[in-house]
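Here's a quick briefing to read with the model open in your viewer. Grab a coffee and follow along.

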Amino acid sequence: MILNPTPKINLGLDILRRRADGFHDIDTLMLPFGGVSDTIEILPTATAGVTLEVEGLTIDCASDRNLVVRAWMLMHQHYGVGGVHIAMRKNIPFGAGLGGGSADAAATLVGLNEVFSLGLSSEELVALAARLGSDVPFFICPQPTFCRGRGEILEPAEIDLSGVWCVVTKPGFGISTAEAYAGVTPHEPSMPLAERLQLPRTKWQEAIVNDFEKSLFTNHLPLVNIKRRLLQSGAFYASMSGSGSAMYGLYDHRPTYEPLYTEEQVFVAQL
């Protein structure tokens, strides 16, 4: 079975409070972005266990810590799925706030459900996905979704983005989640994100923020410059995705974006 998981972008990201369990409560709107995808092929084997073969981008992660492998281990533990060989081509940049690893994990859960005819519902897969990471549940059925709690509380969003184009650009460096959270000061905005998204798009740039930007922009000047470049190229809204380092711009027309830095990876798609 072959799957093509795609990443996400965050339209607004409020970090509300630090929880007793060490996580943070957030409020964000996640949108699927189809401008780039990984490829995952799941092949049942006669031998026990899982093997992972990766091409494309080099993943600096031990195999047993890879979310794809962990997804198989979870399904093996709970449902006794058999041995598989998983071949993955990695195209989605990591250290980018695009959720590529989470998308791969969710695709693996979905694929194993099909390959082994488990008959699990979307709700059951979402519950499993939450055990792998905060934003993995979103990728089980990726669609515009408000993600709350630590990211696992999902609510479908009614938002009209028809005709909107998106440029995602990844600079030549990544940002770890630990670095991103180290600089944030949680707070509750005066107006919930869902209400701010009802404002005219001309007001989004002022009203809708990613709370990671304040501290990360201080330490990573290229992010400031790329955001400015996106707006200058005609984006009606520009922001960082997740905990970075990817930036994106939303456009009312097919965009023409010229990278500011030679090492930028640029992806374009209609939402």
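Ser-245 sits in the loop that links strand 10 to strand 11, and a cis peptide bond joins Gly-244 to Ser-245, with omega at about 15°. Keep in mind that this is a predicted model. The backbone oddities come first, then the sheets, the pocket and the aromatic rings.

**Backbone oddities**

- Some background: most peptide bonds are trans, and most residues other than glycine have a negative phi.
- Beyond the cis bond between Gly-244 and Ser-245, have a look at Ser-117, a residue other than glycine with a positive phi, near 50°.
- Ser-117 is found in the loop between helix 2 and helix 3 (122-129).

**The sheet around strands 10 and 11**

- The two strands flanking the Ser-245 loop belong to an open sheet of four strands, ordered 10-11-9-12 and paired antiparallel.
- Strand 10 (237-240) and strand 12 (265-270) are the edge strands; each has a single partner strand, so one side of each has no neighbour in the sheet.
- On average, neighbouring strands here are turned by 15° against each other, ignoring direction.
- Four bridges hold the antiparallel pairing of strand 10 with strand 11 (residues 247-251), and Ala-238 faces Gly-249 of strand 11.
- Which helix lies across strand 9 (165-170), strand 10 and strand 11? That's helix 8 (residues 221-232), which runs at about 10° to strand 11.

**The sheet around strands 2 and 3**

- Another open sheet has four strands in the order 2-3-7-8, again with antiparallel pairing.
- Strand 2 and strand 8 (153-156) take the edges with a single partner strand each, so one side of each is left open in the sheet, without a neighbour.
- The average turn between neighbouring strands of this sheet is 15°, direction ignored.
- Strand 2 and strand 3 run antiparallel and pair over nine bridges, with Leu-13 opposite Thr-28 of strand 3.

**Pairings of strand 4**

- Strand 4 (residues 39-44) is joined to strand 1 (residues 2-3) by two bridges, and the two run antiparallel; Leu-3 has Ile-40 of strand 4 as its bridge partner.
- Strand 4 also pairs with strand 6, in the antiparallel sense, over six bridges. There, Pro-44 stands across from Val-84 of strand 6.

**The largest pocket**

- If you're after a cavity-style feature to probe, the largest pocket has a volume of about 1,300 Å³.
- How many residues line the largest pocket? The lining has 44, and Leu-67, Gly-99, Ser-102, Asp-135 and Thr-177 lie nearest the centre.
- Several elements supply at least two lining residues each, including strand 2 (8-18), strand 3 (24-32), helix 1 (67-79) and strand 6 (84-90). Helix 2 (100-115) and helix 4 (177-182) do so too.
- The lining splits by class into 17 nonpolar, 19 polar and eight charged residues.

**Aromatic pairs**

- With ring centres within 6.5 Å as the cut-off, the count is five aromatic pairs.
- One of them is Tyr-181 with Phe-212: the ring centres are 4.9 Å apart and the planes stand at 90°, over the 60 degrees needed, so this pair counts as edge-to-face.
- Tyr-181 belongs to helix 4, while Phe-212 is in the loop between helix 6 (204-207) and helix 7 (213-219), so the pair ties together parts 31 residues apart in sequence.
- Helix 4 thus turns up under two headings: Tyr-181 of the ring pair lies in helix 4, and helix 4 supplies at least two residues of the pocket lining.

Terms used
Residues numbered from 1 in each chain as written. Predicted model: local features only at pLDDT ≥ 70, side-chain atom pairs only at ≥ 80, totals over all residues. Heavy atoms only, no water. Pairing = 2+ DSSP bridges. Axes fitted to C-alpha atoms, helices over the stretch in contact; angles between N-to-C directions. Contact = heavy atoms within 4.5 Å. 1 Å grid on protein atoms, 1.4 Å probe; cavity = no way out; pocket = protein on both sides within 12 Å on 5 of 7 lines; lining within 4 Å. Points joined across faces, edges and corners; volume = space filled by probe spheres on them. Nonpolar A, V, L, I, M, F, W, Y, C, P; charged D, E, K, R; others polar. Phe/Tyr/Trp six-rings, centres within 6.5 Å; stacked < 30°, edge-to-face > 60°.
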